[in-house]
Amino acid sequence: MVNSEIDRNSENNQPTIVRTTSSTVLFFVIAGLCVVGLGSIVVGDFTSRGLAVAGIPIAIITIVYVLYRFPRVELGHQELALINPLLSVRIPWNLVDGFDTHFGLGVRTHEKVYSSWPLAGRGKKMEKDEHGVRRLKDNPNPAVDTVLDRYSGLGDNELSNPRGERTITTRWNLGIIAALVAAVAWAAIGFAALPG
């Protein structure tokens, strides 16, 4: 079963943040291992070559952060935000026509279907039925269910869009892209500095 990490901030009008718990655990485990490796590199070889090689664990931490920790779904008061590694999409609730949940969370609008990177589909699992026969059954994803529950519980004030002021907006995550490029470049220098 996929667990979800849900940060509810509705009392101070902040969006609810949804991502899978496994992605958070994976990030912190790998980051911890890389920090230990980084510490041993810095302590063991505090030279320009050692600092170059330190780029390798930094790149690993950055890549895992970009792929597993940064992506999320934000459930705001008047919009749904799909924060993917390279591109963020903000969709007003009134422009959401529905959801596709077969391969992951997809948000259907009149323009197209926008995919959510961090929320996997429901999936299937084998379970025994009441007769002891193993059958393939749906395996619900609590994070996807949170999004669907939020959508089904929307009120009129959240669905209103007077004069069509709110529209779907997409934005490149330039800071994340720049950090990723810098970390990969540093790692390339580090691999070149490794003793042959």
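Start by selecting P92, which counts as buried at 1% relative accessibility; buried means under 20% relative accessible area, exposed over 50%, and partly exposed in between, with a 1.4 Å probe and protein chains only. The model on screen is predicted, so local features need pLDDT of at least 70, side-chain atom pairs count only at pLDDT 80 or more, and totals for chains, interfaces and linings use all residues. Residues are numbered from 1 along each chain as its sequence is written, and side-chain values use heavy atoms, with hydrogens and water left out.

**Stop 1: around P92**

P92 is placed in strand β5. Helices (H or I, at least four residues) and strands (E, at least two) are DSSP runs, numbered from the N terminus. Now add R166 to the selection. The C-alpha atoms of P92 and R166 are separated by 6.4 Å, although the two residues are 74 residues apart along the chain. Which residues does P92 touch, not counting residues up to four places away in sequence? They are Q78, E79, R166, T167 and I168. Contact here means heavy atoms within 4.5 Å.

**Stop 2: the whole protein**

Zoom out and colour by secondary structure. The protein has six helices and eleven strands. Of its 196 residues, 39% are buried. Among contacts between residues at least 6 apart in sequence, 54% join residues at least 24 apart; the pair P92 and R166, 74 residues apart along the chain, was selected at the previous stop.

Next, colour by pLDDT, the predictor's confidence in each residue, from 0 to 100. The average for the protein is 82, and 86% of the residues score at least 70. Which elements have the lowest and the highest mean pLDDT? Strand β1 (residues 4-7) has the lowest, 53, and strand β11 (residues 169-172) has the highest, 94.

**Stop 3: E74 and its partners**

Select E74 in strand β3 (residues 72-75). Is E74 buried or exposed? With a relative accessibility of 10%, E74 counts as buried. Leaving out residues up to four places away in sequence, E74 touches P15, T16, I17, E79, L80, A81, I83 and R90.

Side chains of opposite charge can pair when their charged atoms come close. A salt bridge is a side-chain nitrogen of Lys or Arg within 4 Å of a carboxyl oxygen of Asp or Glu. By this rule the count comes to five salt bridges.

Add R72 to the view. R72 and E74 are both buried, and their side chains meet in a salt bridge, 2.9 Å from N to O. Then add R90, whose side chain meets that of E74 in a salt bridge of 3.5 Å, N to O. E74 is in strand β3 and R90 in strand β5 (residues 87-92), so this pair ties together parts that are 16 residues apart in sequence. R90 counts as partly exposed, at 26% relative accessibility. Finally, add E79: salt bridges that share partners join R72, E74, E79 and R90 into one network.

For another salt bridge, select R49 and D45, whose closest N and O atoms are 3.1 Å apart. R49 is partly exposed, with a relative accessible area of 37%.

**Stop 4: R69 and T24**

Move to R69, found in helix α3. R69 is buried, with a relative accessible area of 18%. Its side chain makes a polar contact of 2.9 Å with the side chain of T24. A polar contact is a pair of N or O atoms within 3.5 Å; within protein, one must be able to donate a hydrogen and the other to accept it, and residues adjacent in sequence count only if both atoms are side-chain atoms.

T24 lies in helix α1 (residues 21-44) and counts as buried at 10% relative accessibility. Select T20 as well: the C-alpha atoms of R69 and T20 are separated by 9.1 Å, with their positions 49 residues apart along the chain.

**Stop 5: the surface**

Switch on the surface. The accessible surface of the protein comes to about 11200 Å², of which 60% belongs to carbon and sulfur atoms. Accessible areas come from the Shrake-Rupley method with a 1.4 Å probe; for residues, only the protein chains shown count as cover.

Now select L26, I63, L67, Y68, W117 and V184, which make a nonpolar surface patch of about 500 Å². Patches are made of residues with over 30% relative accessible area and no salt bridge; like charges are joined within 9 Å, and nonpolar side chains (Val, Leu, Ile, Met, Phe, Trp, Tyr) within 5 Å. Which helix gives the most to the nonpolar patch? Helix α3 (residues 55-69) does, with three residues. End on L67, which lies in helix α3 and is partly exposed, with a relative accessible area of 31%.
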